[in-house]
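Please open the structure in your viewer and keep the sequence beside it, so that each selection can be followed in turn. The tour begins with the whole chain and then goes from one part to the next.

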Amino acid sequence: MTDKQPLLKVRDLCTYFYTEEGIVYALDDVSFDVARGQTLGIVGESGSGKSVTALSIMRLVQSPPGRIVSGTVELLGEDILKKSRKEMKQIRGGKIGMIFQEPMTSLNPVYTVGNQIMESILLHSDCNRKQAKERAIEMLRLVGIPLPEKRFGEYPHQLSGGMRQRVMIAIALSCNPQLLICDEPTTALDVTIQAQILELINDLKQQTGASVIMITHDLGVISRVADEVMVMYAGKAMEYGAARDVFTQPRHPYTAALLKSIPNLEEDVERLHVIEGMVPSLSKRPQGCLFHPRCKQAMTVCQEKRPALTTAPDGRRVRCFLHSDAVEKEAAHG
Ligand SMILES: Nc1ncnc2c1ncn2[C@@H]1O[C@H](COP(=O)(O)OP(=O)(O)OP(=O)(O)O)[C@@H](O)[C@H]1O
Ligand SMILES: [Mg+2]
């Protein structure tokens, strides 16, 4: 977290789902900054709260059962949680662009890709239709789609997965967003296309000066693109700091375990390390540190008390009793 004026400043964000099985603490007191022109990587196993983080920022959490219970999300100093629905519609696809995992579900099958880019431009700018069309074709070219004039008139099903993802990026970038949120943007793609899309996002970031939140369970992706990284587990930030430091010297046992689980091409697949145990149910969380049932280094205190996220003198934030004795304030919930 930097002290310089960040583009996005999220503080103490709590998003819960009120289900029949109980309250799901999907995001519990999460704070982070995204500096201008920087990429924050958010990483963690399935169910750790990565997508709910993105959806909370966009105010797209399914409600009911979900609700942003507390916290602030400041974009350039303004709390977007206080904006009206109408204002939020302008922010989404305007100041904040978003790319989801599966472009086929986010693109509308009955409209041409050109129309969908144009629609977003018309909604968020003063362009007339002719200008919007020119801009849409320019965006298709910018994201590396060959023959953009021809592709403009095609439907999503006529494009490959990689091309559809490029169209999603074109839509997200067509209004010059200051923040681009990418939720698993390459998971559905093969490795070569994945590398191309990541390179494209990086290039566009350099050209436009936008900030990026890159969400993925793939640490390899994060290590290629992120300046800072937040490691999430069970709705909480476990470790947070400069990406290269966190990756070379992880402090939280969970981060260390995640790093060990990256497939190493030189090693046998059989030797691939998996983190034993399961992610806890977020409606029936264990007492103490949420990771302690799976932690090889767990101590007695870890079973009894919740560690707080503490900041080391070098700026690294870690939620672990091995690195501090800070106990999280007793909250009303379990
Ligand atoms: N609509 C919903 N109703 C109830 N619980 C939900 C809902 N959406 C998300 N959750 C819960 O919130 C928690 C966090 O989910 P989230 O989708 O953010 O995980 P994730 O880190 O993005 O995982 P993945 O890597 O699988 O995408 C999960 O326990 C999930 O079951
Ligand atoms: Mg997700």
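Begin by colouring the chain by pLDDT: this is a predicted model, and the mean pLDDT of the protein chain is 89, with 93% of its residues reaching 70 or more. Among the elements of the chain, strand E12 (residues 317-318) has the highest mean pLDDT, 98, while helix H3 (residues 103-106) has the lowest, 64. Select residues 268-272 next, where pLDDT stays under 50 and the model has 2 contacts beyond four places in sequence. Where pLDDT is low, the predicted coordinates should not be read in detail.

Now show the whole chain as a cartoon, in which 12 helices and 12 strands can be found. The radius of gyration is 21 Å, close to the 20 Å that the globule rule gives for 334 residues, so the protein chain is as compact as a globular protein of that length. Along the principal axes, the C-alpha atoms fill a box of roughly 65 × 50 × 40 Å. Of the contacts in the chain with a separation of 6 or more, 63% are between residues 24 or more positions apart.

Turn next to the strands, and select E1 (residues 8-19) together with E2 (residues 22-34), which pair in the antiparallel sense over 9 bridges. The two are joined by a hairpin through 2 residues, and within this pair valine 10 has phenylalanine 32 of E2 as its bridge partner.

From there, select the open sheet of 8 strands, whose order is E6-E7-E8-E3-E9-E10-E12-E11 and whose pairing is mixed. At its edges stand strand E6 (96-99) and strand E11 (310-311), each with a single partner strand, so one side of each is left without a neighbour in the sheet. Within the order, look at strand E3 (residues 39-43) and strand E9 (residues 228-233), which pair in the parallel sense over 4 bridges; here isoleucine 42 has methionine 230 of E9 as its bridge partner.

Stay on methionine 230 and display its surroundings: leaving out residues up to four places away in sequence, Met230 touches Phe32, Leu40, Ile42, Ala237 and Tyr240. Met230 also leads into the largest nonpolar core, which has 89 residues and in which Ala170, Leu179, Ile181, Cys182, Ile213 and Met230 have the most contacts. Helix H7 (residues 161-173) gives the most to this core, with 8 residues. In soluble globular proteins, nonpolar side chains tend to be buried together.

How much of the protein chain counts as buried? Of its 334 residues, 42% do, and helix H1 (residues 50-57) is a good place to look at burial within one element. In H1, 7 of the 8 residues are buried, so the helix is largely enclosed by the rest of the structure; the buried ones are Lys50, Val52, Thr53, Ala54, Leu55, Ser56 and Ile57. Just after H1, select arginine 59, which takes a positive phi of about 55 degrees.

For a last stop, select isoleucine 91, which has its place in helix H2 (residues 85-91). Is isoleucine 91 buried, exposed or partly exposed? With 19 other C-beta atoms within 10 Å, isoleucine 91 is partly exposed, because a residue counts as buried only from 20 or more. Beyond its neighbours within four places in sequence, isoleucine 91 is in contact with Ile80, Lys83 and Ile96. Draw a distance from isoleucine 91 to arginine 166: they are 75 residues apart in sequence, and 21 Å apart in space from C-alpha to C-alpha.

Note on methods. Residues numbered from 1 in each chain as written. Chains lettered and ligands numbered in written order. Predicted model: local features only at pLDDT ≥ 70, side-chain atom pairs only at ≥ 80, totals over all residues. Core = buried A, V, L, I, M, F, W, Y, C linked by C-beta atoms within 7 Å. Buried ≥ 20, exposed ≤ 12 C-beta atoms within 10 Å, placed from the backbone. Contact = placed C-beta atoms within 7 Å. pLDDT = per-residue confidence, 0-100. Pairing = 2+ DSSP bridges. Rg over C-alpha atoms; globule rule 2.2 N^0.38 Å.
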